[in-house]
Amino acid sequence: MNTKKDGLSYAFFFCQQLDAAQDLNRRSLEKELGPRIRFFPLPCSGRIESLHLMRALETGADKVYVIACPERACRHREGNTRARKRVAFAQRLIAEIGLDPDRFEFLVASALPSPYIDKVARELLARESQVDPLPWGNKEREAPKEILRKEKRDDYRGEKAPRRNQREHRLL
Amino acid sequence: MNLESRLKMVLSAGHFAVTAECGPPKGADPDLIRKKGNLLKGFVDSVNVTDNQTGVVRLCSLAACALLREEGLDPVLQMVTRDRNRIALQSDVLGAAALGIRNILCLSGDHQSFGNQTDAKGVFDLDSIQLVQVVREMRDSWRLLGGEELSQGPDLFIGAAANPFADPFFYRVLRLRKKVSAGAEFIQTQCIYNLPKFKEWMGQVRDRGLDQKAYILGGVTPLKSARMAEYMAQNVAGMDIPDEVINRMKSTPPKQQRAEGLKIGVETIQALRQIEGVRGVHIMAIEWEEVVPELVKEAGLWPRPEI
Amino acid sequence: MITAERKPLAEIKESIASYKKLLILGCGSCVAECASGGEKETALLASQLRIDAKKEGRTLETKEMTLDRQCVYEFIDQLAGVIGEYDAVLSLGCGAGVQAVAEVFPRAHIVPALNTTFIGQTKQAGLWLENCRGCGDCKLDFFADVCPVTRCSKGLFNGPCGGSKNEKCEVDPDTPCAWQLIVTRLEERGKLDSLEKVHPPARWSKKEGKGPRKIAREDQRT
């Protein structure tokens, strides 16, 4: 399948369980599209945070896909349900600022042809694009690692105040 | 002036009392109240005036009661604790007595979110039972909450409301007992359509001897239409309208529903007269006060006794 | 904890409209627990505002910081070297936090991003319920640990009213009738007779008293 030469930039967040050899399988598209495509494998789709989607968009992705394992097939039981909710939340956030919520799309894998990530990404890229390029120019590209890693916190605490651990956990 | 509560006199003489509710206007015209009062005169022993019912601003109960007093009626001041703090409540109690009002019904009141002033602060400084206690203390000991002495206590016949149909059913009578021991002398109940349930409640009331300590008046609201029945069943808090009643109204042709509703009302009143411990009926025909004389007559309760 | 919700975005945007450099300040305590102002939410709001600025062709530079608590000077002091470089601070702290920060830096414009709501508990993930009104005169022991001031819509101490339907409050069918809970709990414990006596009116002076309240502990002060 030829990749669509529509000039849009894409980000793919996906569950690693869908493609054990994803590291290898995504190279072909990475080569073809260069900075226009970024892949973010996740140990579980449930690890996606709304912030990841926001940051992906902020750093130039016109369209962000989140691909999760099928219903009831999540190795961690509820990861895909959680992922769906977080994508929906991120959609509300961009809708609030007047952007098309369809820029974030949640998908559940159905068949698993091989090589999965290559096949699925090409299929999605071949679709008629339903979003416009982001309305600002000069899109910064940020290395994939920067989006998933927790943002480095500046050391503003100075020498004196003892550091209490940030409450990072949520109930689920 | 040395007025007496006609309601108290009728009840203590052993007659089956008749009270009716009167809704004040959403405006400043006193004649509207006077008209309603004169409609009811002679057909009821006392007239309740509602107090910003369902949180909708209306001519205040205190003023309306004073106007009815002037027309020669015996008003029952309904006082809710939703809108006034203890300072205003006690002050209004004194004012009511000074204006010759001799009956008071102490209520908490519908929540303000139901009315036309939903951003209002609901006061609820006291609840209905605390208010009963406060009024009794003012009347019997000439003291305010906190103990300070009054120069003259208010002469008031104290009442409270009861809802035999509300949750939790097992606790309703215990709460009634609380109201009575706090000082409630007469009780007006929520309107009755479910007679079996009401009889069950009255059984519990009698078991505790509460019918000997306070005069229970059963509430009756005549149904205007099947739609009214359905609306009330779904939307009014604490209402219990059995399906038989709703179906009875629904199966009546629309032009005859009013008459059927009245018929049900008459039947209910007649049933109430047969229940031991029920000492009167409280007719709540809000915005339909003109039907009260007919209802009272049909139920065989007219003319009212000479006192 | 104290709960809060993010203000409508339009309100926030209006307050910060003229600013190009913004310090976006989260709080790691209560508002983190109720997912409205913690580090995560701070990052989300910052990202949203930056994208929005880009979209509208405005300059907006942001820095995100989260203090352990915004209501305690020990932590607010950490802003000392930082705050001067920004046009304003968008605070995701509760009302107490916003005001405390404003006191330490009175010349800075501290913009509240949240509407502080109530004192409550986390009932389940994503669900917070009000259960305390800070009346200053706790009566939970009389009411089987169900607060009538807070959880009864009419604040009755001698309830229930008679408007409840299916054990829910007449005001909101999702809200359990507090008095249903109280009465049922006492009944189960065999302590229903504790409700026989009329519970007296509240001492609102403990809440309203003489204006905003304070607690002063000499043994704790330096």
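Trainee: Where in chain C is C:Pro160 found?

Mentor: Helices (H or I) are DSSP runs of at least four residues and strands (E) are DSSP runs of at least two, both numbered from the N terminus. C:Pro160 is found in the loop between helix 6 (148–151) and helix 7 (178–189) of chain C, and the peptide bond that leads to C:Pro160 from C:Gly159 is cis, with omega near 0°. This is a predicted model, in which local features need pLDDT of at least 70 and side-chain atom pairs count only at pLDDT 80 or more, while totals for chains, interfaces and linings use all residues. Residues are numbered from 1 along each chain as its sequence is written, and chains are lettered from A and ligands numbered from 1 in the order in which they are written.

Trainee: Which residues of chain B does a cis peptide bond join?

Mentor: In chain B, such a bond joins B:Trp302 and B:Pro303, with omega about 5°, and B:Pro303 is found in the segment after helix 12 (292–298).

Trainee: What is phi of B:Asn52, and is this residue buried or exposed?

Mentor: A residue is buried if 20 or more other C-beta atoms, placed from the backbone, lie within 10 Å of its own, exposed if 12 or fewer do, and partly exposed in between. Phi of B:Asn52 is near 45°, a positive value in a residue other than glycine, and B:Asn52 is found in the loop between strand 2 (46–49) and helix 3 (61–70) of chain B. B:Asn52 counts as buried because it has 23 C-beta neighbours inside 10 Å.

Trainee: How should I read B:Trp142, and where does it lie?

Mentor: B:Trp142 lies in the loop between helix 5 (128–140) and strand 5 (157–162) of chain B, and its phi is near 55°, again positive in a residue other than glycine. With 14 other C-beta atoms within 10 Å, B:Trp142 is partly exposed.

Trainee: Which residues does B:Ile269 touch?

Mentor: Two residues are in contact if their C-beta atoms, placed from the backbone, lie within 7 Å. B:Ile269, which is in helix 11 (residues 257–274) of chain B, touches B:Val220, B:Val281 and B:Ala299, if residues up to four places away in sequence are not counted. B:Ile269 counts as buried because 25 C-beta neighbours lie inside 10 Å.

Trainee: How many residues does the contact between chain C and chain B take from each chain?

Mentor: The contact takes 24 residues from chain C and 23 residues from chain B. The residues on the side of chain C that touches chain B divide into 11 nonpolar, eight polar and five charged, where Ala, Val, Leu, Ile, Met, Phe, Trp, Tyr, Cys and Pro count as nonpolar, Asp, Glu, Lys and Arg as charged, and the others, Gly among them, as polar.
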